[in-house]
Amino acid sequence: MSKTILIVDDSASVRTVVATALKGAGYSVVDACDGRDALSKLNGTKVHLIISDFNMPNMDGIAFVKEVKKLPNYKFTPICMLTTESEQSKIQEGKDAGAKAWIVKPFQPPKLLAAVEKLVLP
Amino acid sequence: MNLDAGLQAFSEESRELLQSMEDTLLQLEAKPDDDDLINGLFRAVHTVKGSAGLFGFDRVVEFAHLAESVMGRVRDHQVAVANDLPSLLLESRDHLGLLIEQALDGKPDPDEDSIRTGKALSARLQRHLSDRPAGEAQSRSIPAPTAPVLPARREAGVENRCWHISLRFGTEVLRNGMDPLSFIRYLNTAGEIVNLTTLEAMPDPAEMDAESCYLGFEIDLNSAADKEAIASVFEFVQDDCLIHILPPNSPIASYGELIEALPEENARIGEILRAGGALTESEFGTILAGWEKRLGGAGGEAESMPEPSGDAGIRPGVVEPSIVNAGADKYKKVKEHKEEENQVVRVSAAKLEDLVNLVGELVISGANTNLLARRSGGRRLADATETLAGLVENIRDTALSLRMVEIGTTFNRFRRVVREVSRELGKEIDLVISGGDTGLDKTVADKIGDPLMHLVRNALDHGIETPAERESAGKPLTETLHLNAYHDSGSIVIEICDDGRGLVREKILAKALEKQLIKENQSLTDSEIQRLIFEPGFSTAEQATNLSGRGVGMDVVLRNIAALRGRIDVESTPGEGAKISIRLPLTLAIIDGFLVQVGKSSYVIPLDLVDECVEFSEVASESYQDSQHINLRGEILPYIRLGEVFKCHTPGARDSQSQKVRENIVVTRYAGQKAGLVVDELLGEHQTVIKPLGTIFKNVKGLSGATILGSGEVAMIVDVPGLVSRVSESGCPQRTNPVNLEEVRH
């Protein structure tokens, strides 16, 4: 059974690239375009890792992480934030909310996979 | 890895984002304090930057970063939306678009022009950042792993050629979703784990929390990697954990400090290190001897490093809660605002095209089934197929509505044009848009953009006067350009109204004479004169401005609109303004048709255009002597015989049968004009899937397409507007040189 990763980003191209890279490495991927969409997709789905952007419409990354941490089924699910170098302060904000891992954009797929492998194995 | 799908997504996404940036910037000029707009703008450029980075489009990233920094300052109210900032950001947006285009085209070397523009814009953007503390904008370094680096000593190193890693996971690690084991497994990618000792610091069973982590590891790693690479393995847990990494052959003293730094008792750690092979017996002895020398230093024992606290990740004071709350509130607002527009599913246009085609086939075979059922006489079968036909009709409408887009998107493109033109020409122009929610088929919307653009530019350039002229005419200084759209009998009507000088009769006539489009002394009606502007090669601008082009426009506009089965009308009141109306069919794919028979052929007349059907012999008895008109309840109705137009049967044959064959006249109405089409038989309503005619039929007049009947036969679709204009023209007083719309149309 391959591990499932939820990718939350409002940019379709980021979702596409991340999904392609992860699928290539043997993961299953669920994607969502913002925090609210992601919460609705989490509902009942077994997810081994959540990768989320910060800056999104509707529900941003921080609010989303806080919501996830309130869900009993997902409180042990690792969350990895996507940030850009101009958002260093956001990393701390994310950590405070409960997302301990991060990937700095722009990233190439190998960098993404390395981070993911630290958190889950395919 | 195949990035094609990603690039495709990026291309679409960036186009949309750039469009939204433009819309937002234009709105921002009117509402410079709207936080939602500013946030949206920031997010758009931010997303472009992030996505471009994925594909290594460095020039895009670099420029977007600069623009983002400026927008970030605007968002934080450090820079006000004023002066030239909107223009600068608009230009930056254009440049960004150019860079993206070049990146997507895979152009390795940017042309000099774009470099120059980029530099100029960058310098102007920098000015808005200049009072920012130095270096802040460029803070792009990833925080260095904070695992304490023990200072290297010049002393002799230990014999151990492995890296030694001491790990104490914090109690919160599991709750943070981190699995200690996956980090150990991942460490294998950096080298070979030679030795691993697990330490458990289990509390009393009563105090133990099953969700807490009490694990520690002493690891010897054989690796060629550098310290940073090894430390980066533990990047995500370094906040909560105690991590010490000693390079191979580290000085004995470093190990001494390590042992002291670890929370466990020194003797136990020493034993573990020795057992694991990190230290030899004698090396450990040296460390022990060192401690003994410092006897009495009780503080030297263990506790130099605090136990990782459960809340290691939380650093109070880093972020003010009020800021977080303010941010949350802001997002809430945006959330409510954007709620509606996010409830959409993106579907590629090609898939919709397929669906519409399939629905077309469904409609055809549905019509066939219906026909067969009716012929079979089975009442229940007929009922069932009737229900089915109703459903098919619904599916057809729904499928077509999927492709419906709002004309407002197209209209909004003109905000920018109007803004720029008003600056360039020194005219003050107010663009009023109404009916933006009027829907039309995407294929039509895509094709109407360019003709509309031309008409708008023409109105701006030729129609609207300078402020001085307006003042002397006693008009308000700010001119109004009004774009309007509405639905009317199966068509969408788009109007472009301006309150400018209108079409100047004398000017047009003079120009037409000069271009030899008309002859001297030719008498023309106002509407004929207005039509002249659509003649090829006609242009009244004294000098070709870069705005409305070089006079190649209006005839092309007319042709493009005719190709969409549309028509264009001009109304003008000298001195008060002009109104150009474009009438277009809502969809190009399927129409409700009215099936008629002429001779042995079937023809379809678009049902929207059919007013009524009358038996021809009835009205013919009261007809005028002139066989081109009949008296329809006191109204003069020009008519045309389809059979003659399309030469379906020889007139002789018809004449000999005229007493027997009952003919019908279909009264059609298009844009206020009525005309009759005489046919043999009325076959009733028919859902018509329009198949385009091949290029061979390009010059055939009076037909707009073909369709396949349920029986598999082909029926031609009658081009009613074309025929109506032909009929009404033939009824008009003769002109020496009629401006024939037909000739332009085809």
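## Helix contacts, a core and two sheets

Colleague: Which residues in helix 1 of chain B meet helix 4 of chain B?

Modeller: This is a predicted model, where local features need pLDDT of at least 70, side-chain atom pairs count only at pLDDT 80 or more, and totals for chains, interfaces and linings use all residues. Residues are numbered from 1 along each chain as its sequence is written, while chains are lettered from A and ligands numbered from 1 in the order in which they are written. Helices (H or I, at least four residues) and strands (E, at least two) are DSSP runs numbered from the N terminus, and contact means C-beta atoms, placed from the backbone, within 7 Å. On the helix 4 side stand P86(B), L89(B), L90(B), R93(B), L96(B), G97(B), I100(B) and L104(B), and they are met from helix 1 by L7(B), S11(B), S14(B), L18(B), M21(B), E22(B), L25(B), L28(B) and E29(B).

Colleague: How are helix 1 and helix 4 of chain B oriented, roughly parallel or roughly antiparallel?

Modeller: Axes are lines fitted to C-alpha atoms, for helices over the stretch in contact, with angles from 0 to 180 degrees between N-to-C directions. The axes of helix 1 (residues 4-30) and helix 4 (residues 85-105) of chain B come within 10 Å and cross at roughly 170°. Angles under 35 degrees count as roughly parallel, over 145 as roughly antiparallel, 65 to 115 as roughly perpendicular and the rest as oblique. Helix 1 of chain B is therefore, relative to helix 4 of chain B, roughly antiparallel.

Colleague: Which strands of chain B stand at the edges of the sheet ordered 6-8-9-11-10, and why is one side of each left without a neighbour?

Modeller: Happy to! Strands pair if DSSP finds at least two bridges between them, and this open sheet of five strands in chain B has mixed pairing. One side of each edge strand lacks a neighbour in the sheet because each has a single partner strand; the two are strand 6 (429-434) and strand 10 (567-573) of chain B.

Colleague: How many bridges join strand 6 of chain B to strand 8 of chain B?

Modeller: Within this pair, D430(B) stands opposite T480(B) in strand 8 of chain B. Strand 6 and strand 8 (residues 479-488) of chain B run parallel, and the number of bridges joining them is six.

Colleague: In the sheet ordered 19-12-13-21-20, which residue is the bridge partner of T707(B) in strand 21 of chain B?

Modeller: Strand 20 (703-708) of chain B is an edge strand, pairing on one side only. Five bridges join strand 20 of chain B to strand 21 (residues 714-718) of chain B, and the two run antiparallel. In strand 21 of chain B, the partner of T707(B) is A715(B).
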